[in-house]
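Hi,

Here is the structure I promised to pass on. Have a look at it first, and my notes on what turned up follow underneath.

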Amino acid sequence: GNALWTFDENTHHDFAVAGNGAIVKLTHAVSRAPRDGWKKLSPPVIDEFVSVLTPEGELVKSISLFDALARSPFHLPVVMHTDQLGDVLHSNTVNIVGSEFAAHHDDVEVGDLMICLRNLNLVLVLRADSEEIVWATTGPWRLPHDPDPLDNGNLLIFDNCFSRGSHQGSRVVEFNPTTGEIVWQFAGTEKSPLRSDIRSCQQLLANGNVLINESDHGRLLEVTRDGDVVWEFVHPVRGGPEETLVPVVSSARRYDASEVPFLEGK
């Protein structure tokens, strides 16, 4: 339990570890100066970065997502979007792109970084070496989290504020960014719909099922592609007036035994 190193910056939300051991972390700072290429944004705004660290926690570089967007062809969705708190982008996820996903998209390479900008409903791919955004997509989601690049070239993403007619709630969506097609979705059952306005994530399991973390309700569940709930866990702790509040579960992941050898025999 001894700390080997620390990185004392405004880190938030998510991090990932690249194949070479480099650590990629989302960071941010408040900017009060006008920015080139962003004339319609009034400071202060939250300036967002992707920070790259050595395996020992030393900072290599910080890449401004505002600057990368301004240089990219994906700039237009951003310029009219702001809010009173200056939270324009709200990056919440960083994932490492694998070779299988990259093989389906000409502009993407293995090792690129997939980032979710929640407040723009935008998923983008950033190349850390050149600091360029090489790929981006929107989709049938609102204020999403955790876009996973799948081996078949699709995205698996948590659509937090999905709404359709009289239905309001959340869903997990597999989306084909090439065709714009929803390949699969799960919004819960009639008796137990998904609902998590913020946070949440999912994981495609080796058996084809999907592990879903419904953060706001402190709930984990595994579902099949046919929509059957294999099992679920709801945080048992209660609090607040009349014991109606449930602790959130910010994220969840299933690990194979080979990934956690230090737990053997415990």
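**Salt bridges and cores**

Searching the whole structure turns up 11 salt bridges. Keep in mind as you read that this is a predicted model.

Let me begin with the charged pairs. Side chains of opposite charge can pair when their charged atoms come close. One case is Arg 195 with Asp 197, whose side chains meet at 2.7 Å, N to O. How buried or exposed is Arg 195? Its relative accessible area is 34%, so Arg 195 counts as partly exposed. Asp 197 is partly exposed as well, at 32% relative accessibility.

Arg 219 is worth a click in your viewer. It forms a salt bridge with Glu 214, where the closest N and O atoms are 2.8 Å apart. Both Glu 214 and Arg 219 are buried. Arg 219 also meets the side chain of Glu 232 in a salt bridge, again 2.8 Å from N to O. That second pair links distant parts of the chain: Arg 219 belongs to strand E15 (residues 219–223) and Glu 232 to strand E16 (residues 229–234), with the two residues 13 apart. Their surroundings are worth noting too. Arg 219 has a relative accessibility of 7%, and because buried means under 20%, it falls in that class. Glu 232, at 45%, counts as partly exposed.

There is a network as well: Glu 109, Asp 112 and Arg 127 are joined into one by salt bridges that share partners.

Now for the nonpolar side. Which residues have the most contacts inside the largest nonpolar core? They are Val 50, Leu 69, Leu 89, Ile 115, Leu 117, Leu 124 and Leu 126, in a core of 25 residues. At least two residues of this core come from each of strand E2 (23–31), strand E3 (45–53), helix H1 (65–71), strand E6 (113–117), strand E7 (122–127) and strand E8 (132–137). Helix H1 gives the largest share, with four residues.

If you want one residue to start from, try Val 50. Leaving aside residues up to four places away in sequence, Val 50 touches Val 24, Lys 25, Leu 26, Lys 61, Ser 62, Ile 63, Leu 65, Leu 113, Ile 115 and Leu 126. A second core, separate from this one, has 14 residues, including Val 97, Met 114, Val 125 and Trp 141.

Cheers

Definitions and conventions. Residues are numbered from 1 along each chain as its sequence is written. This is a predicted model: local features need pLDDT of at least 70, side-chain atom pairs count only at pLDDT 80 or more; totals for chains, interfaces and linings use all residues. Side-chain values use heavy atoms; hydrogens and water are left out. A salt bridge is a side-chain nitrogen of Lys or Arg within 4 Å of a carboxyl oxygen of Asp or Glu. Buried means under 20% relative accessible area, exposed over 50%, partly exposed in between (1.4 Å probe, protein chains only). A nonpolar core is a set of buried Ala, Val, Leu, Ile, Met, Phe, Trp, Tyr and Cys residues joined through side-chain atoms within 4.5 Å. Contact means heavy atoms within 4.5 Å.
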